[in-house]
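Hi everyone, thanks for making the time. I have one model to walk through today, so let me put it on the screen.

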Amino acid sequence: MTKEKLMQYRSIKTEIKQLQEKIQELEERKTSIKSQIITDMPTGGESLDLLTIITIIEETQEKLKNKEIELLKVMNEIEEIIDSLENSEDRCILRARYIECKKWEEICVELNYSWRHMHRLHSKILDKIA
């Protein structure tokens with residue numbers, strides 16, 4: 001696994017959050033439309049149009065949910081690679097950097113390492129998982 005793949009974790013988390021918000025927004029819209037169908041008297045083809053809109057919303061929600069599942073699989077793959085490392089310190093470094101999105105300065109302080117030593121360790125860890 002490359003550093004670039006590990007770095008995807010952060011953006012995937014953001015994208016999943018955006019997808020979930022969009023799914024929720026569509027659900028609210030769908031509920032609003034369903035209440036219109038129930039409370040309004042049907043007038044010609046308008047009811048069919050609303051049903052078509054609901055169908056499109058549901059299809060869109062399904063696509064967004066499938067995208068979310070794919071992104072969760074990638075996140076899980078990244079976590080499994082990190083978990084597969086034998087050294088606890090290696091796992092801590094990668095989790096802190098790529099999953100918890102901490103800055104190098106924070107990680108150095110937490111583990112009591114110099115910046116230079118931390119980057120040497122990081123390079124060795126990336127070599128292990130490459």
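Let's begin with Thr-55, which is partly exposed, with a relative accessible area of 38%. For that scale, buried means under 20% relative accessible area, exposed means over 50%, and partly exposed is in between, using a 1.4 Å probe and protein chains only. Thr-55 is placed in helix α2. If you look from Thr-55 to Lys-124, 69 residues further apart along the chain, the two C-alpha atoms are separated by 52 Å.

A word on where this comes from: it is a predicted model, in which local features need pLDDT of at least 70 and side-chain atom pairs count only at pLDDT 80 or more, while totals for chains, interfaces and linings use all residues. Residues are numbered from 1 along each chain as its sequence is written, and side-chain values use heavy atoms, with hydrogens and water left out.

Now the overall picture. How many helices and strands does the chain have? There are five helices and zero strands, and the order along the sequence reads α-α-α-α-α. Helices here are DSSP runs of H or I with at least four residues, strands are runs of E with at least two, and the numbering starts from the N terminus.

The dimensions deserve a look too. Along its principal axes, the C-alpha trace spans about 75 × 25 × 20 Å. The radius of gyration is 23 Å, whereas a compact globule of 130 residues would be near 14 Å. That radius is taken over C-alpha atoms, and the globule rule is 2.2 Å times the number of residues to the power 0.38.

As for the surface, 29% of the 130 residues count as buried. The accessible surface comes to about 8800 Å², and carbon and sulfur atoms account for 52% of that. These areas come from the Shrake-Rupley method with a 1.4 Å probe, and for residues only the protein chains shown count as cover.

On charge, the chain carries 22 positive and 26 negative side chains, with the centres of the two sets 7 Å apart. Lys and Arg count as positive, Asp and Glu as negative, and His and the chain ends are not counted. Each charge is placed at NZ of Lys, CZ of Arg, CG of Asp or CD of Glu.

Let's go back to helix α2, which covers residues 46–83. Two neighbours in that helix make a nice pair to look at: Gln-61 and Glu-62. Which of the words buried, exposed or partly exposed fits Gln-61? Gln-61 is buried, with a relative accessible area of 3%, while Glu-62 counts as partly exposed at 44%. Setting aside residues up to four places away in sequence, Gln-61 touches Ile-23, Leu-26, Glu-27 and Lys-30. Contact here means heavy atoms within 4.5 Å. A polar atom of the Gln-61 side chain also lies 3.3 Å from the backbone oxygen of Ile-23. From Glu-62 to Ile-23, 39 residues apart along the chain, the C-alpha separation is 8.7 Å.

Next, please rotate to helix α3, where we find Ile-93. Ile-93 is buried, with a relative accessible area of 0%. What does Ile-93 touch, not counting residues up to four places away in sequence? The list is Trp-104, Ile-107, Leu-111, Met-118, Leu-121 and Ile-125. Leu-121 is 28 residues from Ile-93 in sequence, and their C-alpha atoms are 8.8 Å apart.

Over in helix α5 sits His-122, buried at a relative accessible area of 4%. The side chains of His-122 and Tyr-98 are joined by a polar contact of 2.6 Å. By polar contact I mean a pair of N or O atoms within 3.5 Å; within protein, one must be able to donate a hydrogen and the other to accept it, and residues adjacent in sequence count only if both atoms are side-chain atoms. Beyond four places in sequence, His-122 is in contact with Lys-3, Leu-94, Tyr-98 and Trp-104.

Last stop, the loops. Most residues other than glycine have a negative phi. Cys-101 is not a glycine, yet its phi is positive, about 60°. Cys-101 lies in the loop between α3 (88–99) and α4 (104–111) and is partly exposed at 24%. Asn-112 also has a positive phi of about 60° without being a glycine. Asn-112 belongs to the loop between α4 and α5 (115–129), and is exposed, with a relative accessible area of 69%.
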